[in-house]
Amino acid sequence: MKDEHMEEEDHIFLEQLRALQLDHVLTHDLERCRERMTRAAAETDNRTKEHEQRDRQAAKLWVEGKNKREEAAAERQKELEAEIRRREEERQRAHEEQERKLREEQERLFREEIARKAKEEQDRKFHEERNRKLREARERILREERERIEKEGRKLQARLLAEQARRAATATRQQDNIMQQFTVYEAKWDELRNNNTLPPIDVSQLPWPVLGGIHSTEQITYEAVRTFIFYPDRPSVEGKSTRDKVKAEVLRFHPDKFNTRVVPKVQPSQQAVAQEIASAVTKILTSIMTEEMDKEKNE
């Protein structure tokens with residue numbers, strides 16, 4: 001219904017109705033508020049009681065918790081003290097173990113040092129003894145070697161003296177033999193020149209100008225003849241020049257004289273050999289004479 005078509009009573013009624021509705025709502029709301037307040041008051045008392053009960057329980061629990069905390073703290077304190085004691089004991093045991101090991105290590109090092117020094121002393125004595133024995137052995141070897149050398153030297157000196165004496169005796173005998181050969185050589189020429197009643201002689205017995213005698217022409221050499229003629233101590237030619245020494249021998253072996261005076265006194269079967277040897281001697285003497293004449297010219 002629209003307002004312009006409503007009557008005034010209707011408006012009043014409507015206003016009253018609205019007022020009643022508002023009062024009803026307000027009354028209802030007020031009642032609900034009262035109920036709420038009543039319930040709130042009741043709940044407040046209950047809550048207060050509950051809070052008081054909870055506070056008492058909380059206080060009791062707090063006291064119990066405090067006691068438990070104190071007990072736990074005391075227990076933890078005991079455990080901590082026990083742990084501290086345990087750690088201290090372990091540290092003490094570790095320290096004692098370390099000191100024990102250190103003492104054992106020091107004792108071991110001390111024993112090793114003593115053993116090392118003893119070994120060094122033993123080695124030193126061993127080396128000294130070995131060196132002493134080596135020195136004694138070297139000295140003994142050197143002494144024996146010196147004695148052996150001295151002994152060998154004495155023996156060698158004795159042998160040398162004996163050899164010198166033997167050589168001197170041999171040289172003397174050889175010299176005497178050589179001198180005797182020169183004497184016999186000259187004596188044979190004197191005999192051949194002065195004795196016309198000699199029996200036929202062997203060609204080896206003729207006076208040939210070589211030392212030791214000959215039996216064939218191969219023994220007549222340049223060196224052998226030269227050594228014989230110019231022998232330093234040859235007797236019967238003292239004071240003669242080398243040329244005169246050679247000339248005297250050339251005259252002896254000249255074919256005219258040798259073949260007429262000497263060859264007839266040789267056994268007939270050996271006369272040809274004697275002439276052959278004499279010819280070889282003559283050739284060598286001629287060569288020596290030529291050589292000596294050339295030397296005199298050059299001088």
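# Briefing: charges, helices and domains in a predicted model

Lys151, Arg154, Lys155 and Arg159 together form a positive patch on the surface. This is a predicted model, and the points below describe what was computed from it, beginning with charge on the surface and then turning to salt bridges, a loop residue, and distances along the chain. A search of the whole structure finds 31 salt bridges, and the domain assignment of the protein chain gives domain 1 (80-180) and domain 2 (196-297).

**Charged patches on the surface**

- In the positive patch, which is made up of Lys151, Arg154, Lys155 and Arg159, Lys151 has its place in helix α1, a helix that covers residues 8-194.
- Lys151 has a relative accessible area of 45% and is therefore partly exposed, since the partly exposed class lies between the buried limit of under 20% and the exposed limit of over 50%.
- A patch of negative charge is also present on the surface, where Glu7, Glu8, Glu9 and Asp10 gather.
- Glu8, one of the residues in that negative patch, is placed in helix α1, and Glu8 counts as exposed because its relative accessibility is 60%.

**Salt bridges within helix α1**

- Side chains of opposite charge can pair when their charged atoms come close.
- Lys117 and Glu113 are joined through their side chains in a salt bridge, with a distance of 4.0 Å from N to O.
- Because Lys117 and Glu113 are four residues apart in helix α1, about one helical turn separates them.
- Lys117 counts as partly exposed at 49% relative accessibility, and Glu113 likewise counts as partly exposed, at 29% relative accessibility.
- Another salt bridge links Glu144 with Arg140, and in this pair the closest N and O atoms are 3.3 Å apart.
- Glu144 and Arg140 are both found in helix α1, where they are four residues apart, or about one turn of the helix.
- Glu144 has a relative accessibility of 40% and so counts as partly exposed, while Arg140, with a relative accessible area of 37%, is partly exposed as well.
- A network of salt bridges links Glu83, Arg86, Arg87 and Glu90; of these residues, Arg87 has its place in helix α1 and counts as exposed, with a relative accessibility of 55%.

**A salt bridge in helix α5**

- Glu292 forms a salt bridge with Lys295, and the closest N and O atoms of the pair are 3.8 Å apart.
- Both Glu292 and Lys295 lie in helix α5, which covers residues 271-298, and they are three residues apart, about one turn of the helix.
- Glu292 counts as buried because its relative accessibility is 6%, whereas Lys295 is partly exposed, having a relative accessible area of 35%.

**A loop residue with positive phi**

- Most residues other than glycine have a negative phi.
- Ser236 is not a glycine, and yet the phi of Ser236 is positive, at about 70°.
- Ser236 is located in the loop that lies between α2 (222-229) and α3 (242-253), and with a relative accessible area of 42% Ser236 is partly exposed.

**Domains and distances along the chain**

- Domain 1 is assigned to 80-180 and domain 2 to 196-297, and the C-alpha centres of domain 1 and domain 2 lie 79 Å apart.
- Glu15 is found in helix α1 and counts as partly exposed, with a relative accessibility of 48%.
- Glu15 and Ala40 are 25 residues apart along the chain, and their C-alpha atoms are separated by 36 Å.
- Arg87, a member of the salt-bridge network with Glu83, Arg86 and Glu90, is 125 residues from Gly212 along the chain, and the C-alpha atoms of Arg87 and Gly212 are separated by 127 Å.

Conventions
Residues are numbered from 1 along each chain as its sequence is written. This is a predicted model: local features need pLDDT of at least 70, side-chain atom pairs count only at pLDDT 80 or more; totals for chains, interfaces and linings use all residues. Side-chain values use heavy atoms; hydrogens and water are left out. Patches are made of residues with over 30% relative accessible area and no salt bridge: like charges are joined within 9 Å, nonpolar side chains (Val, Leu, Ile, Met, Phe, Trp, Tyr) within 5 Å. Accessible areas come from the Shrake-Rupley method with a 1.4 Å probe; for residues, only the protein chains shown count as cover. Lys and Arg count as positive and Asp and Glu as negative; His and the chain ends are not counted. The place of a charge is taken as NZ of Lys, CZ of Arg, CG of Asp or CD of Glu. Helices (H or I, at least four residues) and strands (E, at least two) are DSSP runs, numbered from the N terminus. Buried means under 20% relative accessible area, exposed over 50%, partly exposed in between (1.4 Å probe, protein chains only). Domain bounds come from an automatic or database domain assignment.
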